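User: Could you take a close look at one part of this complex for me, the place where the two chains touch? I'd also like to know how far to trust it and what a bit of the surroundings looks like.

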Amino acid sequence: MNLRIHTLLIVLIASFGLHSCTWLDTAPEDLVLADDALETEEDLQALLVSCYDVLANIYDGDVQLINELRGDNTAEPRSNGDLQAIYARETIRWNSYVGGMNREFFYPVLRVNALFDAFNFVPGISEETQNRMRAEGSFIRAFCLWGAVKIWAQPYGFTADNSHPGIPLPTAFGDNTYPRATVAEAYAQIESDLAVAIEFLPEENGVFATKDAAKALLAQVKFLQLDYANAAALASDVIASGRYTLETPSNSEEFLRLRLPIDIVSTETIFGTVSNPGISDNRADKFGDWWKPLTNPEITLDPALYQWYTQIATGSAEDGRMAWLENHPAEGQLWLKRFSEYDYFNIPLIHLTQMMLIRAEAYGELESNLSTAIDDINAIRARAGIVSDVYLLDATATAEDVIEAARMEYRKETLGMGLWVEQLQRRGTMGEDITIRNAPWDCDGMALQFSASEGNVEGFTFNPVGGCN
Amino acid sequence: MNATMNATMKQLSLALAVMCLLGLDAMSQGTLNGRVTDEKGNGLPNATVRVEGGKGAFTDLDGNYALTLSPATYKVTYSFIGFFDKSETVQIQNGQSTTLNVRLDEDAVMLNESVVIGYGVQRKKEVTGAISTIDSKEITAVRTPSFEAALQGQAAGVQVTQGSGMAGSGSIIRVRGLSSISAGGDPLYVIDGIPITQDYFLGGNQGAMNRNPLAALNPNDIADIQILKDAAATGIYGSRGANGVILITTKRGTRQGVQVSYSSSLGYGEPSARPSMMTTEEYLTIRQEAWENDGGTGYVWLPYLSTANDSPEARRLAYEEAMKTNTDWFDMMTRRAQKTQQNISFRSGGKWWSMYNGISYDKNESYAVGNAYTRTTLRTNLTLKPLESLQLDVQANTSQGVNQRVDGGWSGGIGASMSTALPYMAPYVLDTLYDDEGNIEEVVRDYELNRWGNPYVSLVNQNRLWRETETRNFLTGQLTYAPTTRIDVILSGGMDQSIVVEDNWRGEVLNQFDNNADTRLSWSERTSPNFNFGGNITYRIQDSDTYSMSLMVGGEGQKFASSGYWASIRNVEGPTYMVPEVRDSIDLYYQDSELTRPEWIEGINPWIDIPTTFASTFARFNYSLRDKYFLQATARVDGSSKFGRNYRFGFFPSVSLGWVVSDEEWFSSGAISFLKVRSSWGRTGNSNIGGDAQYERYADQTAGSTYAGDTIIYPLSPGNPNLRWETVQTVDASVEMGLFQDRVSVELGLYNKMASDVLMNSELPSHTGWGSRYINAGEVLNRGIELAITSNNLSASREFQWKTTGNYNYNYNELVSTGGYTPDAISGGTNDSRAVPGAPLTTYYLVPFSHVDAETGLPVYIDINGNETFDYNLEDRRAVGDGLPDHIAGLTNEMRYKNWSLSALLTASIGAKIWDSSAKRQLGVVTDWNMRTELFDRWRQPGDEAMFPRLTLDETTYGLPNGFPWWNTSLFMYDASYVRLRNLNLAYNIPMQSGDITLRVSGNNLFALTNFMGLDPELVRDFENAQDRNFSGGANYLTAPQERSVIFSINANF
């Protein structure tokens, strides 16, 4: 009997042996687990670069298109239901295009938070390196949060104290969920991140973020906050650095490529993304997908824009930027050709022309330094090939003239880049009577709906749907 | 000399005397012989023939027996497991042969039947758990694409939803409801003691079909199937028993001679229903009406032929062109399918060995043109018993399943015939080619692929060659050592290996618009080995009169892995099974990544799933008191690599009691011949998720991803180190009864299953930056009643016999909690089922539809406050129905008259709803899909009472958001209740001198009584993952209907 009991015990012990050995540790060696992923400075740098990688992916024409469709530059998308809903400013939670972009905006935020968290356990990172990485991460996080809050919330100034709902602000690594912060809180976070970026970013950093980029981004932020003095000052700093010069295209082909070169980064680009045709790495493919007129482009410009575009210069001889347009009056279509002639190009996300025009308009609003503003505007127009004095501002131009001209050039120069609608909203917050395709600038649907996933946890406040038609 | 002679004489005299005595004895004996048969006249081998007083014999293979007896009158008792004993009195005459044939009656209760349980067998009387047994006849009686579909209607509490009519399609089986949310909800399949590979998603979802891991098994090799349902039965499988366990035992050899069984069948199949798609004239009428309702004038624009922006004249010409063609696309894509099966098996053996050999070939075409599943299997089961105390069982099986694939559902094929294939489009048009001199050079088919995705082109001229080949190898063995009657020691091990090779080749015609390749081949190979090993030891103590008890302890380990690689190939002339050099090249360049690949190999990529391992220790204690009180306790500790170290191990106990009341002396009932009550409690688990859920993972830095020339690395998934087992606590109370001398058996059970820590793959909010994460958060309740009845209605002694078996199950299912997550956090793939606390799993979450407004023709919805509204608002969605049936039932009637037999199996499912997701476009907004004729019942003018609203091409007419044509309303949710004649079987048995021949004709899915306004109320669509499979069982998206088949067969046994 004892022997049998012993036998049973042996079987039990033997089977328990399976539990204690490494039999249950099966993660293959090539599986990269968190503990192993971030161990060295190189690992952290790779994590940081992955944030730029996402930026390049979402600013490959998608974010730009979303913002164009919210504005008044384009006609209704031809067939894509998700895009049509954005155009109608009637997005719902299940708009997969908008929802997808909503999620992708937060990928870099997560990664930046992971980077900052890793500083706590990755040894051997010098303070200098850590400061630089922290600055780049802060810049990227600010860039994304600002990009997101402009799309998924009503603009800064919509309420007097900006207490209206903004976006969630995940600023710590993990999978915690956050409620929507107010727009004021969002802008405070963005400014805080940019302050770090400005302090620690280097002046030269290859294709990655620089001190100028952070200043230029903050200039734009301040501009939308109607803080024109700081906007102009920051823009002036960047312009005065001398590191950026206006391109000087001389023919139609060069105008098509204005700020969109492939082999080099544009001399105007303060911060941008890059493609690499050598390895079929195209970070501009969505521009082609949406605007390319293979048969019928999905996205075309509002035909009325053609008349507006030609009001001060009616031909390519007078304005080289006419090369961007292809008018089809019989079909009632106006095509934007800038993105369709080439498969690959580098994309400027912040550039010198923007800074010059922001500064010009800010000076106009401040009614100061008008001569600088006029020079900025005329430089842009001259670069476009406009030589007639009729179309250049003269030295006696008023602040209103400057503002009007700056806005006109801003809209022209940034056509297709999704930067116009925020200017309309800014002007709305200033009290101007702004309508965007017959709807008030602050109608509900201008703030796109969040991804349905945001509602997976109780308590999230969604935007109201529609209200712009 | 004299002394020697005397001694010799004495010996001789003694010998003579003995001889005389023997001779006298022989001369004074008689012979008793005869045949023992079942009620069908089949001989019962190894039946016991016992003569009162001690002498006895066993019957041979054909049920024959012979005994030599002294002249006298004897009481002879005949017995066989599963049948009532029968005693006859016979008088043996001196020197005469007496023949006594006996037909035994089947015992509906079968107390002494051996029942396979986990890691052992038990007498049925002793079983304290809920176990259903299905024998091989019931499995092979119904012709199904895969054996598990044959379980439908055979066992109480087991819901079997047949797959579609596509070849090789799998079924969904739910045992006592559904408890899982994101982890696999299917029962555990165990073949000859070894849990097998049963992942439906190893091949993903291609062509709108998931690969069926059970399709390669040969039903003819199966001896019987036991379905373990409650915790007492499944507890010994611990962490994997929560959804039930299906134990499959394959056939074994015989120890007497050789038995040969041969069967051959031939039949045909066709769709059980045909869709009511519109003709060209009907579709254009509907489309024109929608156009005009929307304010359009002139002729409506037609997809593929004109656009809304075309001139009125262009639209008119397109309309007139369309009217010239009327294609019945469903007819084009379907056929009368041929089915053939050949099966031969040999059972042989001797004193110390036995062997079963089975070979089968089964070609099962489906009604979808080009689709067939061909299965070839070879099985050898060998038992060696060199010593009384030692037995070795080895089971070896290899099979090859070749699935000639075609698209279906959303992917095209039959799905296209119900959607994008418009009736005015022709399968092809003829183009005449001329030479330079204007002479006709050639007339070629133009499939107009420049206009539309013509589904016909893939089916002809070998334009598309798509084949999936699975080679499945099982090798299992058990070594049993029983040194005494009290001890069994069993060592077991096994391997289940699946190798799936897929070739998907598109020829030049299909690939004509590809600028980079003339042809394209997508190729892959995935190998999934599954190793098991274990052992257990059982110790028994028995006091013959009072008690017996046994203790079994054991351990088990399992490892499952899956890996492979896939390649993108261009410009090759065919798939690898036609051009084997291509395969050689793929292998070469995969093995040596340093080699420079030729341009025609675009890419070769590996995939490696994280291996998963289990380690288990288990024990079972059984105690029997006076053979009427039974106690069983099981305990199992499971460790799984799927969980982090903190929660790696789970403890799963169960305890159960049984009491045979009818064995009590005080029990006396005229009608109740047997009464047993039993009850159990236990905890089981489920861990059927992928191996990587626990890990916080990063993208592989060495994978080569870069930005601006720099390497990138980034977090992929958040992981959950605290992930743990999903557990189910089950309470079961049952009564088993034998009525009218056990001619009727009744088994009534009540159960309550409460699942907690249910694994949920919850989608995280966008702003976290993560996708989804597994957590333990859900709670699911299943509560129900089971009833199983077997009745031998008419006595076996009559020429006409009639037996009825029936089963019924009511199941209440409720998702009690999702741990604070909202319904949208857990959904069924692309379907509209959601996790709604308080509602069943598989709940459809839709905007309730009220009616069509008679004045305006617009749809009227019910808002969240219960008020009627014209506004379609997705915030008004709520639980409106679910895909789980409340009641399921099966009823089999078998009738025999002489050598004829007739059986019919009716199955029923009541209370489930179908969400017809494809009806959104077949019966909703007029789009570029063909539509169904039910839409004729639409509103046309004020005052109309109609099922469907006014027609429109514009989704906003129905209140849908701009750009969102997905009309998620209950208008397209239907009652899926049905009663189906699952199988009708007519057979004629011809007894032979040694053996018999049976001729049979059977019809499957002959008809269904249902109110479902669609193809077939029983459907299984394709799924994206296990969660989708759990949630969307009742969702339809262009799913092919069931198959109706008629099979003629011949079975011969020698």
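Analyst: Here is a walk through the contact between the chains, then the confidence, then one detail from each chain.

Keep in mind from the start that this is a predicted model. For the complex, the predictor reports an ipTM of 0.93 along with a pTM of 0.87.

On to the contact itself. Chain A puts 63 residues in contact with 59 residues of chain B. On the chain A side, the elements giving two or more residues are the helices α1 (2-20), α2 (34-37), α3 (41-58), α5 (81-87), α6 (96-105) and α7 (107-118), plus the strand β1 (165-168). Which of these gives the largest share? That is α1(A), with 10 residues. If you sort the chain A side by class, you get 38 nonpolar, 13 polar and 12 charged residues.

Now for how far to trust chain B. Its mean pLDDT is 90, and 95% of its residues reach 70 or more. Confidence in chain B is lowest in helix α1(B), residues 2-27, where the mean is 43, and it peaks in helix α4(B), residues 280-293, at 98. Across residues 1-27 of chain B the pLDDT stays below 50, and apart from near neighbours in sequence this stretch makes one contact in the model. Don't mix up the two helices called α1: the one in chain A spans 2-20, while the one with the low confidence is in chain B.

Next, a helix pair in chain A. Two packed helices are described by the angle and the distance between their axes. For α10(A), residues 211-224, and α15(A), residues 352-366, the axes come within 11 Å and cross at roughly 35°. The crossing is left-handed. From α10(A), the residues involved are A:Ala216, A:Ala219, A:Gln220 and A:Phe223, and they meet A:Met355, A:Ile358 and A:Ala362 of α15(A). That contact comes out as six nonpolar residues, one polar and no charged.

Finally, a small sheet in chain B. Three strands make an open, antiparallel sheet, ordered β47-β48-β49. At the edges sit β47(B), residues 849-852, and β49(B), residues 868-869, each paired on one side only. Strand β48(B), residues 859-862, pairs with β49(B) in the antiparallel sense over two bridges. If you want a spot to look at there, find B:Tyr861, which stands opposite B:Thr869 of β49(B).

Terms used. Residues are numbered from 1 along each chain as its sequence is written. Chains are lettered from A and ligands numbered from 1 in the order in which they are written. This is a predicted model: local features need pLDDT of at least 70, side-chain atom pairs count only at pLDDT 80 or more; totals for chains, interfaces and linings use all residues. Two strands pair if DSSP finds at least two bridges between them. Helices (H or I, at least four residues) and strands (E, at least two) are DSSP runs, numbered from the N terminus. pLDDT is the predictor's confidence in each residue, from 0 to 100. Two residues are in contact if their C-beta atoms, placed from the backbone, lie within 7 Å. Axes are lines fitted to C-alpha atoms, for helices over the stretch in contact, and angles run from 0 to 180 degrees between N-to-C directions. A crossing is left-handed if the near helix is turned anticlockwise from the far one by less than a right angle, and right-handed if clockwise. Ala, Val, Leu, Ile, Met, Phe, Trp, Tyr, Cys and Pro count as nonpolar, Asp, Glu, Lys and Arg as charged, and the others, Gly among them, as polar.
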